[in-house]
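Let's take a walk through this model together, from the whole chain down to a few single residues. Here are the sequence and the structure to keep beside you.

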Amino acid sequence: MSKHWWPGTDSVSTFLAPAVVIGGRGSSSKIASVLQSQLKITAGSVLVAVDDAVLNTGLADELIRDLEDNGYEVTVASGFGSEPSSELVDAAAEMARNANVRVVIGMGGGSVLDSSKIVSLLLCNEGKSADWLGVVEPPNGVAPLVLIPTTCGTGAEATRVAMVTVAGSKRVSSCALYVPSVAIIDPDLVASLPTSVIAATGMDALAHAVESLMATTTSVLSAHHALRAIELLAANLENAFNGDQEALANCLWGSHLAGQALNAGVVVGHSLAYCLAHERPMPHGMSCALALPYCIAYNRTLDPGLASTLASVITGGSSIELSDAARWIQELTRRLGLPTTLDEAMIPTGTEAVMAARCVAEYPRPTNPVLLDEAKLAELLTAMRTGDLPAAFGLAKSTAYSNVQ
């Protein structure tokens with residue numbers, strides 16, 4: 001792959017990753033030794049923020065038992081839902097403050113892990129979650145964080161970003177300190193995932209890897225992680241969907257690598273995904289999967305070396321054309337039972353112009369290699385209405401201007 005393209009090394013870049021990554025089946029059940037050896041926290045109060053499904057199916061039982069058997073005082077916070085509101089996050093933070101929590105352990109999907117990040121900030125700083133939006137640098141830092149994913153998609157255990165719903169709108173809080181002290185990658189925790197969750201979260205991870213590689217802020221390390229993540233996800237996601245446990249474990253690792261790459265930023269695909277979900281609420285991975293082939297089409301004027309490398313790794317070496325890579329993703333999305341057109345996703349007809357305007361106004365993506373143009377995006381969304389990728393690539397041929405950083 002590097003024979004064709006590798007990011008330049010002239011620009012100064014920063015690569016963020018968890019200080020410690022612990023992996024392997026059953027690794028999450030030995031959490032007390034992790035706190036003792038990695039964080040030097042041998043006693044005190046611990047908050048376990050956990051996904052309801054994880055709690056109800058008993059997946060958190062061993063972790064909680066291990067903490068209690070080793071003398072830690074455990075407070076459990078749940079009920080975050082798929083789109084945690086600022087009120088729910090603030091309530092968890094207040095619970096943690098009242099319990100004098102020393103360390104926050106997040107266990108679940110992206111919503112719980114993101115909520116855990118904000119709770120860790122609020123434990124050390126005044127205010128509520130709505131006071132810490134955008135890029136933030138909390139003066140008192142954050143409480144020690146241990147993040148444990150239970151889906152194979154968000155990569156939130158490795159990212160600097162936390163999403164929270166404030167007054168009905170998804171907002172971002174970004175902080176380098178959200179990248180945790182410890183991430184635990186335990187394949188046992190994803191063994192019983194429903195196929196619909198594997199499909200949506202797996203495509204979310206693939207979008208993270210592909211988009212971060214396109215970002216103008218990609219670096220040597222983020223590109224390395226993105227390329228390996230794409231390899232793992234492209235080769236294993238469909239097999240994982242069909243019940244292959246080893247493939248599912250590989251997708252979990254692919255998701256984690258994509259999460260580390262994601263700290264370089266994402267591009268127009270995620271902007272489109274948020275706009276789609278605004279018109280019709282749907283799982284984030286579903287909207288990302290629908291948008292990803294069109295993100296590739298919009299960014300067709302990538303550096304030729306990057307374009308051929310990206311296409312080759314997506315298609316397993318069968319093509320160096322971005323149009324083939326986009327079609328490969330579209331066909332995989334269809335086989336995973338996810339919508340591939342606006343009509344299939346039941347996005348109301350006639351909303352293309354509104355979504356294009358929202359995309360530019362609310363999600364401008366300065367890291368995208370091509371400037372976001374409202375008229376071009378409206379045409380792109382029109383092609384997405386029926387899944388017309390050739391039309392999308394025809395549009396992209398006239399989108400030759402580059403982003404200026």
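Two residues are in contact here when they have heavy atoms within 4.5 Å. Please keep in mind that this is a predicted model.

## The chain as a whole

With that meaning of contact in hand, look at the fold: of the contacts in the protein chain with a separation of 6 or more, 78% are between residues 24 or more positions apart. The protein chain has 15 helices and 9 strands. Its radius of gyration is 20 Å, close to the 22 Å that the globule rule gives for 405 residues, so the protein chain is as compact as a globular protein of that length. Along the principal axes, the C-alpha atoms fill a box of roughly 65 × 45 × 40 Å.

## Surface and charge

How much of the protein chain is buried? Of its 405 residues, 58% are buried. The accessible surface of the protein chain is about 15,600 Å², and carbon and sulfur atoms contribute 51% of that surface.

As for charge, the protein chain carries 23 positive and 39 negative charges, and the mean positions of these two sets are 3 Å apart.

## One aromatic pair

A pair of aromatic rings is described by the distance of the centres and the angle of the planes. Searching the whole structure turns up 1 aromatic pair. It is formed by Tyr-274 and Tyr-363, whose ring centres are 5.1 Å apart and whose planes meet at 40°, so the pair is tilted. Tyr-274 belongs to helix α9 (residues 268–279), while Tyr-363 sits in the loop between α13 (352–362) and α14 (374–386), so the pair ties together parts that are 89 residues apart in sequence.

Are these two tyrosines buried or exposed? Tyr-274 and Tyr-363 are both buried.

## Two buried helix residues

Leu-252 is part of helix α8 (residues 245–262). Its relative accessibility is 0%, so Leu-252 counts as buried. Which residues does Leu-252 touch, leaving aside its neighbours within four places in sequence? The contacts of Leu-252 are Pro-149, Thr-151, Cys-152, Ile-185, Asp-186, Pro-187 and Val-190. For a sense of distance across the model, try Glu-68: this residue is 184 residues from Leu-252 along the chain, and their C-alpha atoms are separated by 28 Å.

Now turn to Ala-307, found in helix α11 (residues 304–314). Here the relative accessibility is 10%, and buried means under 20%, so Ala-307 counts as buried too. Again leaving aside neighbours within four places in sequence, Ala-307 is in contact with Leu-302, Ile-320 and Leu-322. From Ala-307 to Val-48 the C-alpha distance is 43 Å, with their positions 259 residues apart in sequence.

## Positive phi in two loops

Two loop residues deserve a look at their backbone angles. Asn-100 is not a glycine, yet its phi is positive, at about 55°. You will find Asn-100 in the loop between α4 (86–98) and β4 (101–108). Its relative accessible area is 59%, and exposed means over 50%, so Asn-100 is exposed.

Where is Met-346? This residue is in the loop between α12 (322–335) and α13. Met-346 has a phi near 60°, which is a positive value in a residue other than glycine. With a relative accessible area of 54%, Met-346 is exposed.

Technical notes: Residues are numbered from 1 along each chain as its sequence is written. This is a predicted model: local features need pLDDT of at least 70, side-chain atom pairs count only at pLDDT 80 or more; totals for chains, interfaces and linings use all residues. Side-chain values use heavy atoms; hydrogens and water are left out. Rings of Phe, Tyr and Trp (its six-membered ring) pair if their centres lie within 6.5 Å; planes under 30 degrees apart count as stacked, over 60 as edge-to-face and the rest as tilted. Helices (H or I, at least four residues) and strands (E, at least two) are DSSP runs, numbered from the N terminus. Buried means under 20% relative accessible area, exposed over 50%, partly exposed in between (1.4 Å probe, protein chains only). The radius of gyration is taken over C-alpha atoms; the globule rule is 2.2 Å times the number of residues to the power 0.38. Accessible areas come from the Shrake-Rupley method with a 1.4 Å probe; for residues, only the protein chains shown count as cover. Lys and Arg count as positive and Asp and Glu as negative; His and the chain ends are not counted. The place of a charge is taken as NZ of Lys, CZ of Arg, CG of Asp or CD of Glu.
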